[in-house]
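Hi,

Here is the structure I promised to pass on. Have a look first, and my notes follow underneath.

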Amino acid sequence: MDVLILLLVLLLTVAVLAYHRASLSLFTAAIAIELAVATFTGTVGLASWIIFALLAAPLNVASVRQSYLTKPLLKLYRKIMPEMSSTEKEAIDAGTTWWEGDLFRGSPDWHKLHNFPKPRLSPEEQAFLDGPCEELLRMVDDWHITHERADIPPHVYQFLKDKGFFAMIIKKEYGGLEFSAYTQSCVLQKLTSKSMILSSTVGVPNSLGPGELLQHYGTKEQQDYYLPRLAKGLEIPCFALTSPEAGSDAGAIPDFGVVCKGQWEGKEVLGMRLTWNKRYITLAPIATVLGLAFKLQDPDKLLGDKEDLGITCALIPTSTPGVKIGNRHFPLNVPFQNGPTQGNDVFVPLDFIIGGPKMAGQGWRMLVECLSVGRAITLPSNSTGGIKAAALLTGAYARIRRQFKLPIGKMEGIEEALARLGGYAYMSEASTTMSVGSIDLGEKPSVVSAITKFHMTERMRQAIIDAMDIHGGKGICMGPNNYLARGYQGAPVAITVEGANILTRNMIIYGQGAIRCHPFVLAELQAAGLEDERAAVTAFDRALFGHIGFAISNFFRSVWLGLTNAAFSQSPYNDATARYYKQMNRFSAALALMSDVAMGTLGGDLKRRERISARLGDILSMLYITSAVLKRFNDDGRPAQDLPCVQWACEDNLYKAQQALDELMDNFPNRAVGVVLGKLLFPWGRRLRKPSDQLDHQVARILQTPCEARSRLATGVYLTVEPNNQIGLIEKALTDILVAEPLFDKVAQAAGKRLPFYRLNEVADLGLSLGVISEEEAEKLRIAEQGRLHTINVDDFEPTYLAADKSLFAEAAKSSSAAA
């Protein structure tokens, strides 16, 4: 019995020390003290000390450990280590690790999260949003752009150039605006709330493209020439990466250049003959300067010893003989300028390489480093602006539109979809703001950018589907007054570009995250690659035994947090949000544990087990988005009115994290491991639930009722009341309807009958005749009726208006006349 008690005490000691991530020396000392006490009481004897010494000595004496344990393990590791291509290595090396690293390590520091500064606009940046942005949005008619012109009008293009919309990332010394990433996000969100075409057109030059690449890698001559011209709008840039043969697998591009000598402006120079065929290139049809990615070959070794130099990026004026641009793609009836470009045997000087000849072959590194920034801004911001606009419009519509004699927003089925819209609006703003804020802190968050791009575009797709379902016929009949259809059509565009979402979820988020965020895996890989064997053993020893201690700690943390449902874990606040922090502690430890289990049991095969990677990535993503939600709530001063949105977002995300972990266990390749860990991590079953019906009701009510919480959801949305801005008009209609409702009730009560809530102008006349309302009140009813009709009515057209080829109608008319 005494021995059993000793073993339990030892196990408890190990568990407590492991939970708190104690050092190996502290473990050894604690166990030695317990053995000494047990020896004193006669529970153990010399044999126990011999066993302890045989285990403790090689672990604690570095020279012994490295010779007899680390060295053989390093040899084995090198044999089973998955091979990585050069493009994979450059992708992993690109960017930095930020808050996602803390989430991956099993023990998030919540005070660190809340100490990240809240992004803010400078007076100059706020003035740009209040001035040029508002002026631009007043100029545009989205129906005219998308249907009648299939392009932005020339005067709007000129305004974009003159006001610096294409130069938000360019430094002031070159004439640019040099706005923060947060400001760029705010601009794009505002533009999206009225026109996707505008936000796409503005977003691309300020994302992955010549401007970004030049500022980071360009020669001084390239910067001095191109950046002022880009800032003034004298050059329209595009960047050509995707080709028919290489979409998601960008490293496999077949486009190539050959180093050779040739004639340029009457002189023989060292240059390249380029051949390419690219597609899906935004702004290509109107670009004046083409950023081009290709594989550079040097068969005559004019630049050095290598023949295959690798992916290279160059700037090619589109006026160069042989460059083909002009044709357009037609992406799902959302006609932003997008098209193909080709070139066959086009000769340009080597100086056209971004950064000059010394950067030949460095293109992939350049691209992935810049993409880690740009991918966190443009598409997440555009998606966030779209979600917020859809949420506001749909909430207002659901309050105005009546069926069965009540606002449809009071129906439980409608409330369910409205709650998703409200929750997604809150979390998308939170996630995008936190992500771009990291960029302004100097980070290049490659994993965060992948998380934000994937999940915000996916939530945008679901949000627009929910909005369309609630609007019904109003949503499907296109015309000047339809504010949803283009977003519905265009949602797959965002899903597809800058890393298709299936690829991003299954390979990028966890594929980069597991190596970049794990505190020891990258160090182990780097140690195994060292040529100096002694240095390799020393570095590998440090990483390996740190990794072992990390895994043991996460095992005990996961078991304890599962047993207690994280009830005793730490939270920075003891309010309604405390349980969300505690559950994230639990899922963070589980993610760290399962990552080590997956890597340990699957090894290099984990790369090919995409659905395993996807589920691990889903857990990391849900933790990140929930962190952003809680940070936003804290940054906003923890307003009680916002709590339903906060709770909905947290509960939705944590339920999805639980679902991902559950599916991971059910589908783990080693079934025994999956079953055992499933019992350890969920000893009491899957306790988390989706947001309740009552919580859905609260969020839906916020969207339908003007209040502070709703106004915060509307931050940055273009709400100006003017003829071409549907969201402004419907927001006004909502206000007018709410003013009219008590007047309507007064008239109905005086009339002694239940009136239908329509023809409010007639209700106004009835109220005047009964003497129960004033003329001013009657006018409020008439105004409300105008807004109500505008909200629920749909567009219709003469048949010939919708025909792309109107000559067909003329021919039909002639045939009819002849027959008559």
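Let me start with a question: what covers the buried residues of α12? The cover includes α8 (123-139), α9 (142-149), α10 (154-162), α11 (181-192) and α16 (378-400). Helix α12 itself runs over residues 196-203, and 7 of its 8 residues are buried, so the rest of the structure largely encloses α12. The buried ones are I197, L198, S199, S200, T201, V202 and G203.

Before you read on, please keep in mind that this is a predicted model.

Now the overall picture. The protein chain has 33 helices and 9 strands. Its radius of gyration is 31 Å, close to the 28 Å that the globule rule gives for 820 residues, so the chain is as compact as a globular protein of that length. If you want a feel for the dimensions, the C-alpha trace spans about 110 × 85 × 55 Å along its principal axes.

As for the inside, 55% of the 820 residues count as buried. If you take the contacts between residues at least 6 apart in sequence, 75% of them join residues at least 24 apart. On the outside, the chain exposes about 35100 Å², with carbon and sulfur atoms supplying 56% of that area. Charges come to 84 positive and 86 negative side chains, and the centres of these two sets lie 3 Å apart.

Next, the cores. In soluble globular proteins, nonpolar side chains tend to be buried together. Here the largest nonpolar core has 133 residues, and W99, I470, M594 and L661 are the ones that touch the most other members. Apart from that core lies another, of 89 residues, including V156, I169, L213 and V259. Going back to W99, and leaving aside residues up to four places away in sequence, this tryptophan touches P108, D109, W110, K112, L113, F116, M434, Y624 and S627.

A couple of individual spots are worth a click too:

- C313 sits in strand β5 (residues 308-317) and counts as buried, with 1% relative accessibility. C313 and A293 are 20 residues apart in sequence, yet their C-alpha atoms are 4.6 Å apart in space. Besides A293, the residues that C313 touches include F239, L292, F294, I353, I354, G363, M366 and L367, again not counting those up to four places away in sequence.
- T791 belongs to helix α32 (residues 775-792). Its relative accessibility is 0%, so T791 counts as buried. Beyond four places in sequence, T791 touches Y397, I400, K474, I730 and A733.

Last, some backbone angles. Most residues other than glycine have a negative phi, so which residues here have a positive one without being glycine? A566 is one of them, with a phi of about 60°. You will find A566 in the loop between α23 (533-563) and α24 (578-602), where this alanine is buried at 1% relative accessibility. R638 is another, with phi near 55°, and that arginine is in the loop between α25 (610-635) and α26 (643-666).

That's everything from me for now.

Cheers

Key
Residues are numbered from 1 along each chain as its sequence is written. This is a predicted model: local features need pLDDT of at least 70, side-chain atom pairs count only at pLDDT 80 or more; totals for chains, interfaces and linings use all residues. Side-chain values use heavy atoms; hydrogens and water are left out. Helices (H or I, at least four residues) and strands (E, at least two) are DSSP runs, numbered from the N terminus. The radius of gyration is taken over C-alpha atoms; the globule rule is 2.2 Å times the number of residues to the power 0.38. Buried means under 20% relative accessible area, exposed over 50%, partly exposed in between (1.4 Å probe, protein chains only). Contact means heavy atoms within 4.5 Å. Accessible areas come from the Shrake-Rupley method with a 1.4 Å probe; for residues, only the protein chains shown count as cover. Lys and Arg count as positive and Asp and Glu as negative; His and the chain ends are not counted. The place of a charge is taken as NZ of Lys, CZ of Arg, CG of Asp or CD of Glu. A nonpolar core is a set of buried Ala, Val, Leu, Ile, Met, Phe, Trp, Tyr and Cys residues joined through side-chain atoms within 4.5 Å.
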